[in-house]
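Please open the structure in a viewer and keep the selection tool at hand. The tour below proceeds stop by stop, stating what to select and what is found there.

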Amino acid sequence: MTAKGKSESRTFAPLAHRDDLDAFRNEVRNWLGAVVPEGWFARSAGAPEADYLAFQRWWLGEMQKVGLATPHWPKDWGGEDLSLRHQVIVSEEMVRAGAPNPDLYVVSLYHLPATLFAHGAPAQRERYLKGVVERGEIWCQGFSEPNAGSDLAALRTRAERRGDVFVVNGQKVWSSFAAHANYCLLLARTDPNAPKKQAGISYFILDMKSPGVTVRRIKQMTGQSEFCELFFDDVEIPGENLIGAENAGWAIAQSTLSAERGLIIFDLAERMHAAFVREIAAVRAAAPAWWADAALRRTFVTHYGELQSLRLLIRRMLSELDENPEMGASALPPLIKIKWSELLRRHTDFWLAVGGLNAQEDAPPLTGGGHITGNRMQDFMSSYAWTIAGGANEIIKTLIAERTLGLPR
Amino acid sequence: MGEAVGTAELRESFREVLDDIVAAGCVRRHVDEGASRCAPLWTKAAELGWFALLTPESHGGLGLPRAAAAALYEELGRAAAPLPIAAALAATEIVSAFGSQAQQAQWLSRLAGGDAAAFSASGPALDDASLRLANAALFGETGDLLDGVEAALLLAPVRDGENLRWALIDAADLSMQRIALVDRTRSLARARLDGAPASVFSADAHAIARKLRIHMSIALACDSIGGAREVLAFTIAYLKTREQFGKPIGSFQALKHRCAEHLVAIEAASALLGEAVSRWERDDIEAELYALLIKAQACDVYAAVAEDAVQLHGGIGFTWEHMCHVYLKRAKLNQVLFGASAAYHDAAARLLAA
C-alpha cells in the first residue's frame, strides 16, 4: 500500500483558529477531508508490515505538518499547549473522518511525555521529546515480565550500578512494537534488599541499539506479532538515563499510566460509536436479516445504551482531567477500563453471533483500524488486549473494591 | 456534567426530609403493616410542595425544571419511599401541556396539593385502550393502575368510535379494587366503569402517550439508580463489619469483584441518566430514545444489585427484618412496570431505525 494523500489544494492551519472552537473544528475537518487517503482501511487488511510502518510514519508526518501530532504537549517542547476541549474536537473529527490511529507512536506521544514532563531531567526532555517531534522516534515500554504480570512490582530484571552506568540483566515481555522501537521506558530493580518490593525499582531510558539487547517477536493468537519479548545481557545504561531518583521508579510509572489510558479509550469508544452510527444508517437504508431477530436487535440496542453510558463517563473523566491534570483524586479511570473492555468483549462477540459461519472464515487482519474493523473474529480476539493489558480486569476490580469502596485488604 | 446549583440544593432538602421519615420508622412500619397510604410522608410531601414542583406558577405551583422532579425520584428511590407522586407529576405535565382551561382549572391545583393520579401500569400503550366513550360517558374495565386506590384522578386512553383519545376521570366516580403487590411500597388497582363521566383531551393521543412514557421511564430510572446506590452502600457497610473465618467477609476477593462490578454498572447507568434528564428537560429530539434506553438499563442494574445484595448478606438478607427484600421487591417491580426491558429495547430499536 502506498501512503499517499490526495492532492492538496491548499495548506491547512487549524491552530490558527484555536480561539474559535467552531472554526478550529471546521479547519480540522477540512484538513482531514483533504489528507486522509480514500480506502486506506480496506487496503490495510493483510498489507505487509513494511507498508504498515511506512503508512504510520507518513501519517505522523501529516499530523505534524498541521501541529496535531503533539498538540497536548507544552509549547516549550514542540507542543501547542492545546486544551483538552481542543483535543476532544481533534479526536472527534479524526473518528468522523475515519482517519488512522498513530498506534505505532502511542508510547512516544502519550507515556513518554507524561513521564518526562512530571519527572524527567531538563536534558532528558530536550533530547527525547525533540526526538519524537523532529525525528519521529518510536518508543516502547519494558514493564511486564514472565513472572511479573498483574503483580508487576514482583519484577526481577536487575539494574546494577557500576560507576557511571547501570548494568541490566533480565527479561521483559508484552512490549508493543518493540521490534521497531528506538527507545524503551524500562522498569528494573536497583535495590533487591528494599523492605517493600515496590521500593527497590527504578525507571530508565534504554537505547534499543545498546549491545546486549535482543528482541524476539511473539506471534499472537490473531496471527500478528505486535508484541515482543526483550532480553538483556549485561546491557549498559548511562547514569544520566535514570528518570527521577534511584529506587523511585514505581511511583513514577503508576502516576503516568491511568490517565493516558483514559485518553486512548476515549478515541476507541468514539470509533465504536461511529461504527454504531454506520450500522444504524445501514439498517435505515435496508434492514439486514439480523435486524429481524429480536434477540440480536435487543442486544444491539442494549450495547448501544451501554456505549452511551461509557462515552458519558469518559467525558466526565475528561472534564475532571481538565480541572486537575494529575488525576490524583479521580475514581473514574479504573471504572472506565472495566466498562470499556467488558463491553468490547460482549459487543465483538455479538458481531460473531450475527456473522455466523461467515465470520469464522479466515480473513487478513487489519492493523490500525481500532477494534471494530469488520474482521469479526479478529476484533473479538483483540478485545482480550483490553481485559488483560494495563492490569487484568480482576486486579482492577480488586483495586476498585479497596480504593473506591473501601473494602478491607 | 455537574448538577445545577438549585437542583443540588433541592436534592439535599429532599434527602433530609426522607432521612427523617426513614429514621422515624415510617417506611419500615408501612411495609410491616401493608398499609395503603403512608400518611406522615404524604402529608409532609404535600406540605413541602413536592406535588407542586412542576405545576405552572400561574396555577399556584413552583414551576421548576424537570431536573427537580428527577432529583426527587432518585431520593425517593434511595429511601424506598411509599409515595405515589410520579404519576401525579406526569399527569400535571399532561394537563398543563394539553388540557383545556377548564381541565386545568379543575385539576392542576388539586394535583399540586397532593391529590395523586394513576394510569395503566402495563405501559401507556395506546393499543390496549380498554375503555369506550359513548355520550361523554365511559364503559369498560381499566387495566392495572399503579397506586390507583390512592389516586384522585385517572388518566386513561379511551376509544371514541374509531378515534383514540386520552381522558381525565374523577376517581370519586369509580370504585377501585385494590390489588396488593409483593412490593408493599406500591399497589395496583382496577376499576369497572359503567357510565362514569369523562373529560376528553383534544390533543393527539400519541403525543400524550409519548410524553407520559418519557416521564415515567425517567422516573423509574431515577428511582432505580437511587435504590441501587443505597443497596450497594449498605451492602458494602455490612461486608466491612461481618466477620467469618476470623476476618471481615469484605476482604474476600470473590465478594470484592462483584461489588466493583455493581459500582461500574451503577456509575455507567447514572451517567446515562444524567444525560437523559438533561435531554428531557430541554425537550431534545432524542429525549425519548434516551428515556427508553435508561429505563431498561437502570432498572436492570438495580435488579442485579438488589438480587446480589441478598446473597452477599447471607441468611440475614433473607429475613423480613432486613431491608434487603424491600429494595429487591421494588427493583423487580420497576423492571416490569410500564413494560419490561425487552419492550423498551424494541421501542428504542424502532426509533433508531426510523
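Buried area is the accessible area that two parts lose on being put together, summed over both. In this predicted model, the area buried between chain A and chain B is about 3000 Å².

**The contact between the chains**

Begin by colouring chain A and chain B separately. Carbon and sulfur atoms give 70% of the area buried between them. Next, select Leu312(A), Leu405(A) and Leu407(A), which lose the most area to chain B in chain A and together account for 20% of what that side buries. The whole contact draws on 31 residues from chain A and 35 residues from chain B.

**Helix H4 of chain A**

Select residues 84-97 of chain A, which form helix H4. This helix has 14 residues and reaches 20 Å from its first C-alpha to its last, close to the 20 Å expected at 1.5 Å a residue. Is H4(A) mostly covered or mostly uncovered? It is mostly covered, with 10 of its 14 residues buried. Among the buried residues are His86(A), Gln87(A), Ser91(A) and Glu93(A), along with Leu84(A) and Met94(A). Move on to Gly98(A), which follows H4(A) and has a positive phi, near 65°.

**Three strands of chain A**

Now select strand S2 (residues 158-162) and strand S3 (residues 165-176) of chain A, which pair in the antiparallel sense over five bridges. Arg162(A) stands opposite Val165(A) in S3(A). The hairpin of these strands has two residues between them, and there Gly163(A) takes a positive phi near 65°. Add strand S7 (residues 227-238) of chain A to the selection: S3(A) and S7(A) pair in the antiparallel sense over nine bridges. To follow one of these pairings, select Gly170(A), whose bridge partner in S7(A) is Phe232(A).

**Aromatic rings in chain A**

A search of the whole structure finds 29 aromatic pairs over all chains. One of them joins Phe276(A) and Tyr304(A) edge-to-face, at 5.5 Å centre to centre and 65° between the planes. This pair links distant parts of the chain, as Phe276(A) belongs to helix H7 (residues 249-285) and Tyr304(A) to helix H8 (residues 294-323), 28 residues apart. Both Phe276(A) and Tyr304(A) are buried. Extend the selection to Trp290(A), Trp291(A), Phe300(A), Phe350(A) and Trp351(A), which form one aromatic cluster with Phe276(A) and Tyr304(A). A further ring to select is that of Tyr384(A): Arg345(A) lies over its face, at 3.5 Å from the ring centre.

**Glu150 and its surroundings in chain B**

Turn to chain B and select Glu150(B), in the loop between strand S4 (145-146) and strand S5 (151-160). Why does Glu150(B) count as buried? Its relative accessible area is 7%, and buried means under 20%. Which residues is Glu150(B) in contact with, leaving aside its neighbours within four places in sequence? They are Ser36(B), Arg37(B), Trp42(B), Pro84(B), Ala116(B) and Ser187(B). Two of these contacts, Arg37(B) and Trp42(B), also meet each other: the charged end of Arg37(B) sits over the ring of Trp42(B), 3.6 Å from its centre.

**Helix H9 of chain B**

Finally, select residues 287-313 of chain B, helix H9. At 1.5 Å a residue, its 27 residues should span 39 Å, and its end C-alpha atoms are 38 Å apart, which agrees. Because 23 of the 27 residues are buried, H9(B) is largely enclosed by the rest of the structure. The tour ends just after H9(B), where Gly314(B) takes a positive phi of about 70°.

Notes. Residues numbered from 1 in each chain as written. Chains lettered and ligands numbered in written order. Predicted model: local features only at pLDDT ≥ 70, side-chain atom pairs only at ≥ 80, totals over all residues. Heavy atoms only, no water. Phe/Tyr/Trp six-rings, centres within 6.5 Å; stacked < 30°, edge-to-face > 60°. Helix = DSSP H or I, 4+ residues; strand = E, 2+ residues; numbered from the N terminus. Buried < 20%, exposed > 50% of the residue type's maximum accessible area, 1.4 Å probe, protein only. Lys NZ or Arg CZ within 6 Å of the ring centre and 35° of its normal. Expected span 1.5 Å × (residues − 1). Pairing = 2+ DSSP bridges. Contact = heavy atoms within 4.5 Å. Buried area = accessible area lost by both parts, 1.4 Å probe.
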